[in-house]
Amino acid sequence: MLRKLLALLLVTAALPQWTSAQQVTDYPEDYLSPAFHAGRRNAVREQMPKNSVAIFFASQTRNRSNDVDFIYAQNKNFYYLTGLQEPNAMLLLFKEPVTINDKTGTEFLFVQPRNPAREMWTGKILGVDGVKAKLQPENVFTHEQFTYGSFDFSKVDSVMTNLYNENILSKYYGRSGLDPLSRMAQLVDSAITTNKKPNAVRTIGTILRNLRAIKQPEEIALIEKAVVMSTEGHNGVIRAIKPGMTEYQAQAVMEYYFKKNGAEYPGYPSINGSAENSCVLHYETNQRLMKDGDLLLSDCAAEYHGYSADVTRTIPVNGKFSPEQKIIYELVLEAQDSAFVQCKAGNASNEPHKAAVRVITRGLKQLGLISTDAEVRTYFPHGTSHGLGLDVHDPNPAKLEPGAVFTVEPGIYIAPGSKCDKKWWSIGVRIEDDILITPDGGYRNLSAGSPRTVAEIEKMAKQKSIFK
Ligand SMILES: [Mn+2]
């Protein structure tokens with residue numbers, strides 16, 4: 001009996017501990033505020049040319065198969081400017097005030113109307129009143145209220161539209177024309193054409209890129225939360241991993257921590273590549289059985305309220321690096337450390353990359369893996385940094401300044417069959433951290449909560465795991 005009780009106690013102790021450190025109310029409340037979005041709209045408008053209008057479309061739903069859609073993902077520029085997480089919507093931002101449907105102003109948001117029958121299946125639609133109350137834009141209408149002639153384009157010299165990935169209107173008016181967003185795009189197009197200004201469509205991408213490259217304090221707070229969820233996941237995997245686990249089980253451990261902490265999604269498909277798969281930069285299959293002596297390259301991070309982290313750790317499956325793995329690992333680590341030194345305001349944003357390349361080139365030459373500088377790209381074929389924010393690959397300023405958030409992620413990948421001694425084969429190493437440039441002339445490593453050195457990783461690998 002006592003033994004049974006003891007066993008029960010042990011089982012109970014091993015269960016995951018549920019806490020709500022992130023959340024004390026029924027629903028999360030730490031979203032970006034209406035004032036944040038209003039501030040971003042003002043910042044866009046300030047940079048728009050005279051007599052211009054900027055048009056932003058919400059993302060549409062996308063079908064996965066039969067009657068099942070992909071999980072909805074809002075267009076990030078639209079989210080940045082509105083906070084709205086629904087399809088079938090359009091934002092018009094005017095440089096100067098205009099009158100639409102008897103309302104005069106510079107901001108007009110058209111949204112999908114309430115639909116009780118549909119809401120019973122797929123959840124609440126905010127509708128005009130809900131959007132007004134929750135997001136507080138200047139003027140809100142249903143998308144049905146956007147009709148041809150509802151406003152006069154003749155005073156508009158330039159139409160600036162969407163996105164830095166999808167910056168052409170034709171992307172929309174080439175569609176079926178049946179959904180509300182497509183219809184709105186057609187009406188905008190007709191209005192522009194009627195106005196006989198066929199060359200007046202410009203991209204708004206540059207303005208958005210420049211604004212999004214420097215993060216506001218509210219954004220940094222959300223990125224930090226996503227990063228902490230991610231480092232907790234990496235630490236969970238370092239403790240849990242052992243020979244006989246599969247790559248997808250390592251992924252399950254990782255994503256358990258994301259969900260436990262309130263992340264809506266992974267920020268990108270989780271990359272869990274062991275042995276030869278560690279040499280595939282964006283390996284997402286995650287199907288292999290991991291063995292004694294393998295390395296696991298785990299590039300995984302959480303997304304929280306639209307903001308993504310991006311963290312990579314490379315760890316030995318059996319808890320201890322082999323001599324060859326350690327040599328390559330510590331070369332990548334040295335490259336990352338020397339890249340960190342270049343993370344300061346005023347530096348060009350490619351300085352960290354140059355520093356990392358210098359270290360890896362020198363190291364691979366010393367090991368006899370390459371003989372010329374140019375060959376470094378054989379084993380280190382990617383850049384060291386990209387911006388991080390609403391997109392996992394977010395804009396980064398050309399010159400670093402306070403508020404810039406970006407990755408530092410050098411790597412070395414020696415695939416089987418590489419022209420070198422076989423002892424190096426199947427060693428793929430990337431170490432990736434998330435850096436914030438601070439006003440004091442330095443930086444903060446937001447992902448410092450997960451170990452990077454060989455000694456620290458091997459020590460953590462010996463710690464208890466709820467999954468072992
Ligand atoms: Mn990255």
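# A tour from the manganese site outward

Select aspartate 310 and glutamate 409 to begin: both residues are buried. The model on screen is a predicted one.

**Stop 1: the manganese ion**

Keep Asp310 selected and add the manganese ion, His386, Glu409 and Glu432. The protein donors of the ion are Asp310 through OD, His386 through NE2, and Glu409 and Glu432 through OE, at 2.1 to 2.3 Å from the metal. Read along the chain, these donors have the spacing D-x75-H-x22-E-x22-E. Now colour the loops on which the opening pair sits. Aspartate 310 is in the loop between strand 13 (307–308) and strand 14 (312–316), while glutamate 409 is in the loop between strand 15 and strand 16 (411–414). The pair is 99 residues apart and links distant parts of the chain.

**Stop 2: the sheet with strand 15**

Select residues 405–408, which form strand 15, and residues 443–445, which form strand 19. With strand 18 they make an open sheet of three strands, in the order 15-18-19, and the pairing is antiparallel. Strands 15 and 19 are its edge strands, each of them pairing on one side only. From one strand to the next, the twist averages 35 degrees.

Next, show the backbone of strand 18 (residues 433–437). Three bridges join strand 18 to strand 19, and the two run antiparallel. Which residue of strand 19 stands opposite leucine 436? Pick arginine 444 to see that partner.

**Stop 3: helix 14**

Select residues 454–461, the span of helix 14, and show side chains. Val454, Ile457, Glu458, Met460 and Ala461 are the buried residues of this helix. They lie on the same side of helix 14, because they cover an arc of only 160 degrees around the axis. Turn to the other side of helix 14 and find Ala455 and Lys459, which are exposed. To see what covers the buried residues, display helix 9 (217–240), strand 14 and helix 11 (323–341), which are among the covering elements. Strand 14 also appeared at the first stop, as one end of the loop that holds aspartate 310.

**Stop 4: strands 5 and 6**

Move to residues 139–142, strand 6. Asn139 and Phe141 point one way from the strand, Val140 and Thr142 point the other way, and all are buried. In a regular strand, side chains alternate between the two faces of the sheet. Add strand 5 (residues 103–111): strand 5 pairs with strand 6 in the parallel sense, over four bridges. For one of the partnerships, select phenylalanine 108, whose bridge partner in strand 6 is asparagine 139.

**Stop 5: serine 52**

Select serine 52, which lies in strand 1 (residues 52–57). Is serine 52 buried or exposed? Its relative accessibility is 1%, so serine 52 counts as buried. Apart from neighbours within four places in sequence, serine 52 is in contact with Leu93, Phe94, Lys95, Glu96, Val156, Ser158 and Met160. Draw a distance from the C-alpha atom of serine 52 to that of aspartate 157: the separation is 5.8 Å, although the residues are 105 apart along the chain.

**Stop 6: the cysteines**

Finish with the cysteines. How many disulfides does a search of the whole structure find? The search finds zero. Select cysteine 420 together with cysteine 279, which holds the closest cysteine sulfur to that of cysteine 420; the two sulfurs are 9.9 Å apart, too far for a bond. Cysteine 420 has a relative accessible area of 18% and is buried. Cysteine 300, at 0% relative accessibility, also counts as buried.

Definitions and conventions:
Residues numbered from 1 in each chain as written. Predicted model: local features only at pLDDT ≥ 70, side-chain atom pairs only at ≥ 80, totals over all residues. Heavy atoms only, no water. Buried < 20%, exposed > 50% of the residue type's maximum accessible area, 1.4 Å probe, protein only. Pairing = 2+ DSSP bridges. Axes fitted to C-alpha atoms, helices over the stretch in contact; angles between N-to-C directions. Donors = N, O, S within 2.8 Å, 3.2 Å for Na, K, Ca; no water. Arc of directions from axis to C-beta. Contact = heavy atoms within 4.5 Å. Disulfide = S-S within 2.5 Å.
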